[in-house]
Amino acid sequence: MTRVLVSVAPGHEPDDVAAACAAAGLQVEKVLHAVGVVVGTCDDEHPPDLAGLPGVGGVEPDGEVRLDDR
């Protein structure tokens with residue numbers, strides 16, 4: 001399974017985008033209303049085509065962020 005972050009395009013509601021993503025096959029885990037991001041997981045072999053859905057501003061894989069303490 002791959003975790004993805006779906007950004008909500010301006011003028012669209014996060015809950016509506018989350019519902020569209022879920023209907024397309026994304027297993028929605030969280031909707032981050034404050035930042036306009038939907039977090040979910042999908043099958044590695046058959047990922048849903050989320051980028052073309054109404055209200056989707058972008059789709060990217062979730063990754064680990066490390067801050068250098070220099």
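In the predicted model, the buried residues of helix H1 pack against strands S1, S2, S3 and S4. These buried residues are Pro14, Val17, Ala18 and Cys21. Viewed down the axis of H1, they fall within an arc of 100°, and they therefore line one face of the helix. The face turned away from this buried side carries the exposed residues Asp16 and Ala23. Helix H1 comprises residues 14-24 and lies across S1, S2, S3 and S4, with its direction at about 170° to that of S2. Just after the helix, Gly25 adopts a positive phi of about 120°.

The strands on which the helix lies were examined next. Four strands form an open sheet, arranged in the order S2-S3-S1-S4, and their pairing is antiparallel. The edges of the sheet are formed by S2 and by strand S4 (56-61), each of which pairs on one side only. From one strand to the next, the twist averages 20°. Strand S3 (residues 37-42) and S1 are paired in the antiparallel sense over six bridges. Within this arrangement, Thr2 has Cys42 of S3 as its bridge partner.

Strand S3 also contains Thr41. With a relative accessibility of 10%, Thr41 counts as buried, since the limit for a buried residue is under 20%. When residues up to four places away in sequence are not counted, Thr41 touches Met1, Thr2, Arg3, Gly25, Leu26, Gln27 and Glu29. Among these contacts is Gly25, the residue with positive phi just after H1. Thr2, the bridge partner of Cys42, is also one of the residues that Thr41 touches.

Two further residues touched by Thr41, Arg3 and Glu29, are joined to each other through their side chains. They meet in a salt bridge, with an N to O distance of 2.8 Å, which satisfies the limit of 4 Å for such a pair. The count for the structure comes to one salt bridge. Glu29 lies in strand S2 (residues 27-32) and Arg3 in strand S1 (residues 2-8), so the salt bridge ties together parts that are 26 residues apart in sequence. In the sheet order S2-S3-S1-S4, strand S3 stands between the two strands that contribute this pair. Glu29 is partly exposed, with a relative accessible area of 38%. Arg3 is likewise partly exposed, and its relative accessible area is 38%.

The cysteines were then considered. A search of the whole structure finds zero disulfides. The sulfur of Cys21 is 10 Å from the closest cysteine sulfur, that of Cys42, and this is too far for a bond, because a disulfide requires the two sulfur atoms to be within 2.5 Å. Cys42 is accordingly in no disulfide, the nearest cysteine sulfur being that of Cys21. Cys21 counts as buried, at 0% relative accessibility, and belongs to the buried residues of H1. Cys42 also counts as buried, at 5% relative accessibility, and takes part in the sheet as the bridge partner of Thr2.

Note on methods. Residues are numbered from 1 along each chain as its sequence is written. This is a predicted model: local features need pLDDT of at least 70, side-chain atom pairs count only at pLDDT 80 or more; totals for chains, interfaces and linings use all residues. Side-chain values use heavy atoms; hydrogens and water are left out. Buried means under 20% relative accessible area, exposed over 50%, partly exposed in between (1.4 Å probe, protein chains only). A salt bridge is a side-chain nitrogen of Lys or Arg within 4 Å of a carboxyl oxygen of Asp or Glu. Two strands pair if DSSP finds at least two bridges between them. Axes are lines fitted to C-alpha atoms, for helices over the stretch in contact, and angles run from 0 to 180 degrees between N-to-C directions. Contact means heavy atoms within 4.5 Å. The arc is that of the directions from the helix axis to the C-beta atoms.
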